[in-house]
Amino acid sequence: HTLQCCGTNRKKKVQCRNAALMEYIGPRPLYCAEHISLDPNAMYHKCNFLLDTQPKKRCKEIVFKDFKYCYKHFTDWLEQDFVGSEAAMKASFLLENVSSILTRLELEASTARMDDVELYQRKCKLVPKYQRMIKSIRSHLSALEKPPPQQEEQKSLISTITNFEVINATLDISNLHNNNQHIIGENNCFPTYDYTEENNITPQLFDFEKDETSSQLLDLTDDDDLTSQLFEFVDHL
């Protein structure tokens, strides 16, 4: 049944004709949304968010006193007050509080379903609001876990420098290997190097089958003639 608000109309000096707040959790309020602040035992208050379109006008949504803003402006409250070193801890406690209220609301709605259809419908209207609050808190917690953009840039720079150093080190090893692959005419062998033992580079000679055409030696004393002599040697093979 409908309960009349216990508040007083200031202009007419008569009792308010509005119905007492019907969308609630727990004990039934005795005042309407307009006069809810007059109830000393009320669990609710008006949302404190200031509207941009109307200066000095606040949002008319009713919310638990545990929360500064309603579900519409919940993200603004998180961004304003849940910052700093203890932000994640505070947001986690807030998430537990909202989750417990939502659980209680769903239980009350389930109970009222058989006894009071109107009350059941009004409680069901509140469920999406608290679900939206939970979603906002979880999004805020995820944002808090991410490192600041400056740290991301530093990590990216360090990774780039590390990759650059690895590439340079690979090129140095490749150049060292190529410089050691000289073809020596003595014994008609191509020396290679074994890098399996640390700090112990041992030349290993792999003999090629000798024939009359490959018996001539290459003179490496002149670096300018190295390429031409190499091609001549390959042509003879």
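A disulfide is a pair of cysteine sulfur atoms within 2.5 Å. This is a predicted model, where local features need pLDDT of at least 70, side-chain atom pairs count only at pLDDT 80 or more, and totals for chains, interfaces and linings use all residues. Residues are numbered from 1 along each chain as its sequence is written, and side-chain values use heavy atoms, without hydrogens and water.

**Exercise 1. Find how many disulfides the structure holds, then check Cys 6 and Cys 47.**

Step 1. The count is zero.
Step 2. Cys 6 is in no disulfide; the nearest cysteine sulfur belongs to Cys 5, 6.4 Å away.
Step 3. For Cys 47, the closest cysteine sulfur is in Cys 70 at 3.7 Å, which is too far for a bond.

**Exercise 2. Decide whether Cys 6, Cys 47 and His 73 are buried or partly exposed.**

Step 1. Apply the cut-offs: buried is under 20% relative accessible area, exposed is over 50%, and partly exposed lies in between (1.4 Å probe, protein chains only).
Step 2. Cys 6 has 41% relative accessibility, so it counts as partly exposed.
Step 3. Cys 47 has 0%, so it counts as buried.
Step 4. His 73 has 12%, so it also counts as buried.

**Exercise 3. State which residues His 73 touches.**

Step 1. Contact means heavy atoms within 4.5 Å.
Step 2. Leaving out residues up to four places away in sequence, His 73 touches Cys 47, Phe 49 and Cys 59.
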